[in-house]
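Me: Hello! I have just opened this structure and would like a friendly tour of it. Could we go through it step by step?

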Amino acid sequence: EEPPEHVKFIFATTEAQKLPATITSRCQRFDLRRIPTDAIAGHLLTIAGKEEISLEQAAADSIARAAEGGLRDAESMLDQAVAFCGTTITDGDVMSVFGFTSRETLTALGAALLGRDAGEAMRIIGEQADAGKDMSRLLGDLIGHLRDLLVAEVETPSAVPREKLLMLLDHFAETEARMRWAADKKLQFDVAAIKAVHLLEQVSLDDVIASLIRVSDPKSPLR
């Protein structure tokens, strides 16, 4: 029977393609998507302005990125930041309260890995561990940084080869899965950094071999 006009049924699913046509033909469909980071940051700044909270743009950006498209999560994090820091919130405050990693640290760590400097990478990891940073979160932030580099490389080719970035992303994604159950997460991170450098060195050796083949055999398909 038809329900009363004031009754609304809401059916939520992540697998809409599995619904039969007999159901979908009788429904209005709304596809919910993650909210863009810049839109969330702008909304947080609007809230801060109305509540007379001094919120740095960089702090709003950091919260928005961490919320990963969830506006409710971003608003909750802003509430927590106000509870800990008062009405003046800097990017450093956000990093401290939520244990985030600064862009400078991620840039330095990524550069050390891509530069095949395992010692410097381990030094940065150790520095973050000594500061009380969560190693799982640090690894997740590093993966996000590498993903951003990959997207930037696709849009504007840079000096960082796409193959290297893809290799590092795959490698650290596997490390992230193992780290969930590891007792010593820093050790897992250190080992992963050393392996990453070895992987990149192997890629460089392959590049040398390919170059030698091209020089010795002009008809080679590698040319």
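**A walk through the model**

Reply: Gladly, and let us start with one residue: F100 has a relative accessible area of 6%, so it is buried. Please keep in mind that this is a predicted model.

Me: Which residue forms an aromatic pair with F100?

Reply: The count of aromatic pairs comes to one. Its two rings sit 5.5 Å apart, centre to centre, with 20° between their planes, and planes under 30 degrees apart count as stacked. The partner of F100 in this stacked pair is F98.

Me: Is F98 buried or exposed?

Reply: The relative accessibility of F98 is 15%. Buried means under 20%, so F98 counts as buried.

Me: Now to the inside of the protein: which helix gives the most to the largest nonpolar core?

Reply: The largest nonpolar core has 26 residues, and L109, L113, L142, F172 and F189 have the most contacts inside it. At least two residues of this core come from each of α6 (103-114), α7 (118-130), α8 (135-155), α9 (162-179) and α10 (185-216). With seven residues, the helix that gives the most is α8.

Me: How many residues are in the other core, apart from this one?

Reply: Among the residues of that other core are I40, A59, I89 and F100. It lies apart from the core of 26 residues, and its own number of residues is 20.

Me: Which residues does F172 touch, leaving out those up to four places away in sequence?

Reply: F172 is one of the residues with the most contacts inside the largest nonpolar core. Leaving out residues up to four places away in sequence, F172 touches L113, L139, L142, I143, L146, F189, A192, A193 and A196.

Me: Let us look at a loop. Which side chain does R29 join through a polar contact?

Reply: R29 is found in the loop between α1 (21-24) and α2 (37-50). Its relative accessibility is 60%, so R29 counts as exposed. The polar contact is 3.0 Å, and the side chain at its other end belongs to D31.

Me: Where does E68 lie, and what is its phi?

Reply: E68 lies in the loop between α3 (57-67) and α4 (71-85). With a relative accessible area of 56%, E68 is exposed. Although E68 is not a glycine, its phi is positive, at about 50°.

Me: What about R116: what is its phi?

Reply: R116 sits in the loop between α6 and α7. Its relative accessible area is 34%, so R116 is partly exposed. R116 is not a glycine, yet its phi is positive, at about 60°.

Note on methods:
Residues numbered from 1 in each chain as written. Predicted model: local features only at pLDDT ≥ 70, side-chain atom pairs only at ≥ 80, totals over all residues. Heavy atoms only, no water. Core = buried A, V, L, I, M, F, W, Y, C linked by side-chain atoms within 4.5 Å. Buried < 20%, exposed > 50% of the residue type's maximum accessible area, 1.4 Å probe, protein only. Helix = DSSP H or I, 4+ residues; strand = E, 2+ residues; numbered from the N terminus. Contact = heavy atoms within 4.5 Å. Polar contact = N/O pair within 3.5 Å; in protein donor to acceptor, adjacent residues only side chain to side chain. Phe/Tyr/Trp six-rings, centres within 6.5 Å; stacked < 30°, edge-to-face > 60°.
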